[in-house]
Amino acid sequence: MKLNTEMNDVKTLGHSGSQLSTRSQMKRIRASNQRIPKWAYLLFIILAAFVTYRILQHRASEIKTAQPPARPASVAKVVTKDVPLYLDEIGTCAAYETVQVQAQVSGQITARHFQDGSDVKKGDPLFTIDPRPYQATFDQAKAQAALDQVTLKRQEDLRARKVISQQDYDTAVANAQKSKAAVDAAQVNLDYCYLKSPINGRVGLRNVDVGNLVGPSTAPLVTIQGLDPIYTDFTVAENDLPLVRKYLGGPNVKVQTYLADGSITPRMGDLYFIDNAVQPGSGTVKARGVAPNPDRALWPSEFVRVRFILDTLKDAMLVPSQAVQVSQSGPFVFVVKSDNTVDLRPVAPGQRQDGDLTVIESGVKAGETVVVTGQLALSPGAKITPQPYAAQTPGSSQSPQAGTPKSAMSYE
């Protein structure tokens, strides 16, 4: 019992001693805190702020260094102008007039007055058939007609004196008329001996030479084709008929004819004919245009390109064709903002036009700037170094635009 009491007294003293030690330490700390001046705290805050600013500045420079540099890209403005709505087809030319010169009387050809392949005008001589037999017939008919006219005059005098009967007078009148008709017929046959061109055109290769015997039953002597103006025959696909019917008969419907190599100036003409039925085998409709051909640059049966213009699109928005890109979401262009960053803009392209331009039906506004080349290195928000786009020269593309979409519908 005495031992336990002593142990409890020792524990109580030890606990009391530790409390006294802790209190003395707290007093020393408070005393030391009271000795730190206030300017030290202010200096510490300033130093901490400076260190924080330097850290943030270093991180910002790292972020700026990590951003990709501005990419070079060619840009162009969205322009507006009137452009055609059209269909591009393949066609062939056909002569405006084709005449096969045929002998109307029998006889031997005594002269040829043209060179094969030369141009002739209406009324120019072509061949001469021996006119002597027909000249003799004509002279004989004239003589008989003169005799009948004298007889008729005599009969008129006798009838006035009531010497002859009415029947004799009527016979004299009929003979005079008959002889006059014989003269006219002989004159026609004599004129047929001198074959002349019935149209303005170009003669082909002659089928007969001087000395040949010809007649109404022989083959044509030569063929003449009128080349100015000239027809252009082409077809319209059945799928395009609703669009054609929409504009058919309008004031802007035209047919433009040109060669694929662009060697001649395109000829603007009118729609001359369009068939009223679809061809069963091909699913197309025949059409024909007529165009001026004063220089004879277009020849019959020559293959040509045909632009069937249906209407004119007023104030259409145009961009260079290279500006339009295609992704899984559809066609788009990169539009350049004022800070030279780009924005991806979905668009609805229309037809491709001459001069390497494409109609944009929606998605951009007139005056905006679009990226033409360098799109592969861009993404939305990327910064570029804009450079003016150098458009293709007229000699670098065919005229009008070879390889343009056949359909006049929107981008497919």
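# Exercises on a predicted protein chain

Val51 has a relative accessible area of 47% and is therefore partly exposed. The structure used in these exercises is a predicted model.

## Exercise 1. A surface patch

Task: State which helix holds Val51, and which residues make a nonpolar surface patch with Val51.

Solution.
1. Val51 belongs to helix α2, which covers residues 38-66.
2. The relative accessible area of Val51 is 47%; this lies between the limits of 20% and 50%, so the residue is classed as partly exposed.
3. Phe50 and Ile55 form the nonpolar surface patch together with Val51, and its area is about 280 Å².

## Exercise 2. The chain as a whole

Task: Determine how many helices and strands the chain has, and what percentage of its residues is buried.

Solution.
1. The chain contains five helices and 20 strands.
2. Of its 412 residues, 33% are buried.
3. The accessible surface is about 25,400 Å², and carbon and sulfur atoms account for 56% of this area.
4. Among contacts with a separation of 6 or more, 78% join residues that are 24 or more positions apart.

## Exercise 3. Two helices, α3 and α4

Task: Compare the span of α3 with the expected value, do likewise for α4, and identify what the buried residues of α3 pack against.

Solution.
1. Helix α3 has 29 residues, and its first and last C-alpha atoms are 42 Å apart, close to the expected 42 Å.
2. Helix α4 has 27 residues, so at 1.5 Å a residue it should span 39 Å; the distance of 40 Å between its end C-alpha atoms agrees with this.
3. The buried residues of α3 are Tyr134, Phe138, Ala141, Ala145, Asp148, Leu152 and Gln155.
4. An α-helix has 3.6 residues a turn, so residues three or four places apart point the same way.
5. In α4, the buried residues are Tyr169, Ala172, Ala176, Ser179, Val183, Ala186 and Leu190.
6. The buried residues of α3 pack against α4, while those of α4 pack against α3 and β6.
7. Gln155 serves as an example from α3. Its relative accessible area is 17%, which is under 20%, so Gln155 counts as buried. Beyond its neighbours within four places in sequence, Gln155 contacts Ile164, Asp168, Tyr169 and Ala172.
8. After α3 comes Lys162, which has a positive phi near 60°.

## Exercise 4. The nonpolar cores

Task: Find how many residues the largest nonpolar core has, and which element gives the most to this core.

Solution.
1. The largest nonpolar core has 25 residues, and those with the most contacts inside it include Leu126, Val203 and Ile224.
2. Two or more residues come from each of β5, α3, α4 and β9.
3. Helix α3 gives the most to this core, namely four residues.
4. A second, separate core has 21 residues, among them Leu85, Leu241, Ala287 and Val306.

## Exercise 5. Salt bridges

Task: State how many salt bridges are counted, and describe the partners of Asp82 and Asp233.

Solution.
1. The count is 14 salt bridges.
2. Asp82 pairs with Lys314, and their closest N and O atoms are 3.7 Å apart. This pair connects distant parts of the chain, since Asp82 lies in strand β2 and Lys314 in strand β13, 232 residues apart.
3. Lys314, at a relative accessible area of 60%, is exposed, whereas Asp82, at 41%, is partly exposed.
4. Asp233 pairs with Arg288 at 2.5 Å between the closest N and O atoms. The two residues lie in strands β9 and β12, 55 residues apart.
5. Asp233 is partly exposed at 23%, and Arg288 is partly exposed at 23%.
6. Asp88, Arg307 and Asp354 are joined into one network by salt bridges that share partners.

## Exercise 6. Backbone details

Task: Determine whether the peptide bond from Asp228 to Pro229 is cis or trans, and what the phi of Asp315 is.

Solution.
1. The bond from Asp228 to Pro229 is cis, with omega near 0°; Pro229 is part of strand β9.
2. Asp315 has a positive phi near 50° although the residue is not glycine. Asp315 belongs to strand β13 and is exposed, with a relative accessibility of 57%.
3. Asn340 has a positive phi near 70°. Asn340 is located in the loop between β15 and β16 and is partly exposed at 28%.

How values were computed:
Residues numbered from 1 in each chain as written. Predicted model: local features only at pLDDT ≥ 70, side-chain atom pairs only at ≥ 80, totals over all residues. Heavy atoms only, no water. Buried < 20%, exposed > 50% of the residue type's maximum accessible area, 1.4 Å probe, protein only. Contact = heavy atoms within 4.5 Å. Expected span 1.5 Å × (residues − 1). Core = buried A, V, L, I, M, F, W, Y, C linked by side-chain atoms within 4.5 Å. Patch = residues over 30% accessible without salt bridge, like charges linked within 9 Å, V, L, I, M, F, W, Y side chains within 5 Å. Areas by Shrake-Rupley, 256 points an atom, 1.4 Å probe, with all protein chains shown as cover. Salt bridge = Lys/Arg side-chain N within 4 Å of Asp/Glu carboxyl O.
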